[in-house]
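User: I am new to reading protein models and would like to work through this one with a few questions. Could we go step by step, with the reasoning spelled out each time?

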Amino acid sequence: MKHGGNDDYGYMITIKSGREIDLMRRAGDILARCLLMLERNVADGVATSELDRLAGEFVYASDCLPSFLGVPGFVDGAPDYPANLCVSVNDEVIHGLPGSRRLKAGDIVSIDMGLIYKGYHSDMARTFCVGAVSDEAARLVRATREAFCEGMLGAVPGNRVSDISRRVQRRAEADGYSVVRDFVGHGIGTELHEPPQIPNFVSRGERGERLAAGMTLAIEPMVNAGAHGVEILPNKWTVVTRDGSLSAHHENTLLVTADGQPAILSAPA
Ligand code: MG
């Protein structure tokens, strides 16, 4: 989601009940299986609109609704989000609109998808390699996943949101990459985007909310091979790197638990 600074920290972060967590696990199981299905369909020559069609078919057949379809734009005059998922290729960071573009061997493609099961959202993104990709691209994809894993370890009761942010940023920058600053992770539950905002970088003096067991968070590093700057295409949705460098995205919905081991909810049950 768009980074909005401190304003959202005034709101309460919801603590989910056992029943709510069960529903979010179910939502996450369906979403993870949908992403596995999409991964099997990522190939040279496949149109991004075909991935969107397959995702829609899977979601409705699973008694779910797509989370992203109809989300209001964050840029003046933008249409509501027109698709089931976001398909962002190469220098596209997030919010790539599915369409007639065909994937090519050597591309990296980030698929971001959310769904609603019995009123509860799950949100997840993976970056896939189309056929054989350059070592440089493969290294970026791996490092982005590792930045997520590192950040997840900060999702412990008593920590602050900035403990997640710092881990993500340190890891990505140690690997020679930069993290996107204009878009951030978020709380999730009955709304796709709930407080708190979860930046992938630390701002001076901004520690963020304190974490507690029962919070459900979408942690989602967006990592650029070049500089962190991004811009938005004339379609008013798609975010691309300003310097044209490759970008990757890795996201899971997870639960902060009392034992300090965060549980990934967007995973096959
Ligand atoms: Mg998200």
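Analyst: Gladly, keeping in mind that this is a predicted model. A good place to begin is strand 4, which covers residues 108-117 and is largely enclosed by the rest of the structure, because 10 of its 10 residues are buried.

User: Which residues point one way from strand 4, and which point the other way?

Analyst: The residues of strand 4 fall into two sets that point in opposite ways, and all of them are buried. One set consists of Val109, Ile111, Met113, Leu115 and Tyr117. The other set is made up of Ile108, Ser110, Asp112, Gly114 and Ile116.

User: How many bridges join strand 4 to strand 5, and in which sense do they run?

Analyst: Strands of a sheet pair through backbone hydrogen bonds, and the pairing can be parallel or antiparallel. In the pairing with strand 5, which spans residues 120-129, tyrosine 117 stands opposite tyrosine 120. The two strands make a hairpin with two residues between them, and lysine 118 in that turn has a positive phi of about 45°. Strand 4 and strand 5 run antiparallel, and the number of bridges joining them is 10.

User: Which residue of strand 4 stands opposite cysteine 86?

Analyst: Strand 2, made of residues 85-89, pairs with strand 4 in the antiparallel sense, over five bridges. Within strand 4, the residue that stands opposite cysteine 86 is aspartate 112.

User: Valine 89 also belongs to strand 2. Is valine 89 buried or exposed?

Analyst: Leaving aside residues up to four places away in sequence, valine 89 touches Arg101, Leu103, Asp107, Ile108 and Val109. Its C-alpha atom is separated by 9.7 Å from that of lysine 104, which is 15 residues away along the chain. Because the cut-off for a buried residue is under 20% relative accessible area, the value of 0% places valine 89 among those called buried.

User: What is the bridge partner of leucine 65 in strand 4?

Analyst: Leucine 65 is found in strand 1, residues 65-66, and strand 1 is joined to strand 4 by two bridges, the strands running antiparallel. With a relative accessible area of 47%, leucine 65 is partly exposed. Together with Tyr60 and Leu69, this leucine forms a nonpolar patch on the surface, with about 290 Å² of accessible area in total. Across in strand 4, the bridge partner of leucine 65 is isoleucine 116.

User: In what order do the three strands of the open sheet lie?

Analyst: The pairing in this sheet is antiparallel, and its edge strands, each pairing on one side only, are strand 3 (92-94) and strand 11 (230-232). Neighbouring strands are turned by 40° against each other on average, with direction ignored. Two bridges join strand 3 to strand 12, residues 239-241, and isoleucine 94 has valine 239 as its bridge partner there. The order of the three strands is 3-12-11.

User: Which residue forms a salt bridge with glutamate 194?

Analyst: The count of salt bridges comes to 11, and in the one made by glutamate 194 the closest N and O atoms are 3.0 Å apart. Glutamate 194 lies in strand 8 (residues 194-198) and its partner in the segment before helix 1 (18-41), so the pair ties together parts that are 178 residues apart in sequence. Both residues of the pair are buried, and the partner of glutamate 194 is lysine 16.

User: How far apart are the closest N and O atoms in the salt bridge of glutamate 92 with arginine 101?

Analyst: Glutamate 92 is buried, with a relative accessible area of 12%, whereas arginine 101 is partly exposed at 37%. In this salt bridge the closest N and O atoms are apart by 3.2 Å.

User: Where does arginine 242 lie, and which residue does it pair with in a salt bridge?

Analyst: The closest N and O atoms of this salt bridge are 3.9 Å apart, and the pair links distant parts of the chain, with arginine 242 in the loop between strand 12 and strand 13 (247-249) and its partner in strand 11, 11 residues apart. Arginine 242 is exposed, at 55% relative accessible area, while the partner counts as partly exposed at 39%. The residue that pairs with arginine 242 is glutamate 231.

Technical notes
Residues are numbered from 1 along each chain as its sequence is written. This is a predicted model: local features need pLDDT of at least 70, side-chain atom pairs count only at pLDDT 80 or more; totals for chains, interfaces and linings use all residues. Side-chain values use heavy atoms; hydrogens and water are left out. Patches are made of residues with over 30% relative accessible area and no salt bridge: like charges are joined within 9 Å, nonpolar side chains (Val, Leu, Ile, Met, Phe, Trp, Tyr) within 5 Å. Accessible areas come from the Shrake-Rupley method with a 1.4 Å probe; for residues, only the protein chains shown count as cover. A salt bridge is a side-chain nitrogen of Lys or Arg within 4 Å of a carboxyl oxygen of Asp or Glu. Helices (H or I, at least four residues) and strands (E, at least two) are DSSP runs, numbered from the N terminus. Buried means under 20% relative accessible area, exposed over 50%, partly exposed in between (1.4 Å probe, protein chains only). Two strands pair if DSSP finds at least two bridges between them. Axes are lines fitted to C-alpha atoms, for helices over the stretch in contact, and angles run from 0 to 180 degrees between N-to-C directions. Contact means heavy atoms within 4.5 Å.
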